[in-house]
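This briefing goes through one protein structure topic by topic. Please keep the sequence and the model open while reading.

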Amino acid sequence: MEYDHELDAVGLLCPLPVLKARKRLQGLQPGQVLRVLADDPAAVIDVPHFCAESGHELAGQGDEGAVQVYYIRKV
């Protein structure tokens, strides 16, 4: 999936990946996609919940080895 910006949150524990994603999304234009890399097991729950609560679209997610990848489209 194509993306506009990337946030490397590998090594950060809950709630830091979501907090950093929220801050990064503030600087994006609607429709732009933020790619978030994380390895915190809680991110599997936290990132989709953050998107649902904030109104942003979780456009995709998957794994690249031990790293979880999330694509968040700013609404």
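The points below cover the sheet, the two helices, burial and a few individual residues.

The model is predicted. An open sheet of 4 strands, in the order 1-2-4-3 and with mixed pairing, is described first. Helix 1 packs on this sheet, and helix 2 lies across strand 2, strand 3 and strand 4.

**Sheet layout**

- Strand 1 (5-8) and strand 3 (57-64) are the edge strands, each pairing on one side only.
- On average, neighbouring strands of the sheet are turned by 20 degrees against each other, direction ignored.
- Strand 1 and strand 2 (residues 33-38) run parallel and are joined by 4 bridges. D8 has L37 of strand 2 as its bridge partner.
- Strand 2 and strand 4 run antiparallel, with 6 bridges between them. A38 has Q68 of strand 4 as its bridge partner.
- Strand 3 and strand 4 also run antiparallel, joined by 7 bridges. Opposite E57 stands R73 in strand 4.
- A hairpin is formed by strand 3 and strand 4, with 2 residues between them. In the turn, G65 has a positive phi of about 70 degrees.
- In general, strands of a sheet pair through backbone hydrogen bonds, either parallel or antiparallel.

**Burial in the strands**

- In strand 2, 6 of the 6 residues are buried, so the strand is largely enclosed by the rest of the structure.
- V33, R35 and L37 point one way from strand 2, while L34, V36 and A38 point the other way; all are buried. The arginine R35 is thus listed among the buried residues.
- Strand 4 is mostly covered, as 5 of its 7 residues are buried.

**Helix 1 (residues 16-26)**

- Helix 1 touches strand 1, strand 2 and strand 4 (67-73), and its direction makes about 155 degrees with that of strand 1.
- P17, V18, A21 and L25 are the residues named as buried in helix 1. Seen down the helix axis, the buried residues fall within an arc of 95 degrees, so they line one face of helix 1.
- These buried residues of helix 1 pack against strand 1, strand 2, helix 2 and strand 4.
- K23 and Q26 are exposed, on the face of helix 1 turned away from its buried side.
- K20 also lies in helix 1 and is partly exposed, with a relative accessible area of 40%.
- Leaving out residues up to four places away in sequence, K20 touches L7 and L12.
- A distance of 7.9 Å separates the C-alpha atoms of K20 and A9, which are 11 residues apart along the chain.

**Helix 2 (residues 43-54)**

- Helix 2 runs at about 0 degrees to strand 4.
- With 12 residues, helix 2 reaches 16 Å from its first C-alpha to its last, close to the 16 Å expected at 1.5 Å a residue.
- A43, V47, F50 and C51 are the buried residues of helix 2. They cover an arc of only 95 degrees around the axis, which puts them on the same side of helix 2.
- An α-helix has 3.6 residues a turn, so residues three or four places apart point the same way.
- The buried residues of helix 2 pack against helix 1, strand 2, strand 3 and strand 4.
- I45, A52 and E53 are exposed on the other side of helix 2.
- G55, just after helix 2, takes a positive phi of about 90 degrees.

**Aromatic pair**

- How many aromatic pairs does a search of the whole structure find? The search finds 1.
- The pair is formed by Y3 and Y71 and is tilted, at 6.2 Å centre to centre and 50 degrees between the planes.
- Y3 lies in the segment before strand 1 and Y71 in strand 4, so the pair ties together parts that are 68 residues apart in sequence.
- Y3 is partly exposed, with a relative accessible area of 37%, whereas Y71 is buried, with a relative accessible area of 12%.

Methods: Residues numbered from 1 in each chain as written. Predicted model: local features only at pLDDT ≥ 70, side-chain atom pairs only at ≥ 80, totals over all residues. Heavy atoms only, no water. Pairing = 2+ DSSP bridges. Axes fitted to C-alpha atoms, helices over the stretch in contact; angles between N-to-C directions. Contact = heavy atoms within 4.5 Å. Expected span 1.5 Å × (residues − 1). Buried < 20%, exposed > 50% of the residue type's maximum accessible area, 1.4 Å probe, protein only. Arc of directions from axis to C-beta. Phe/Tyr/Trp six-rings, centres within 6.5 Å; stacked < 30°, edge-to-face > 60°.
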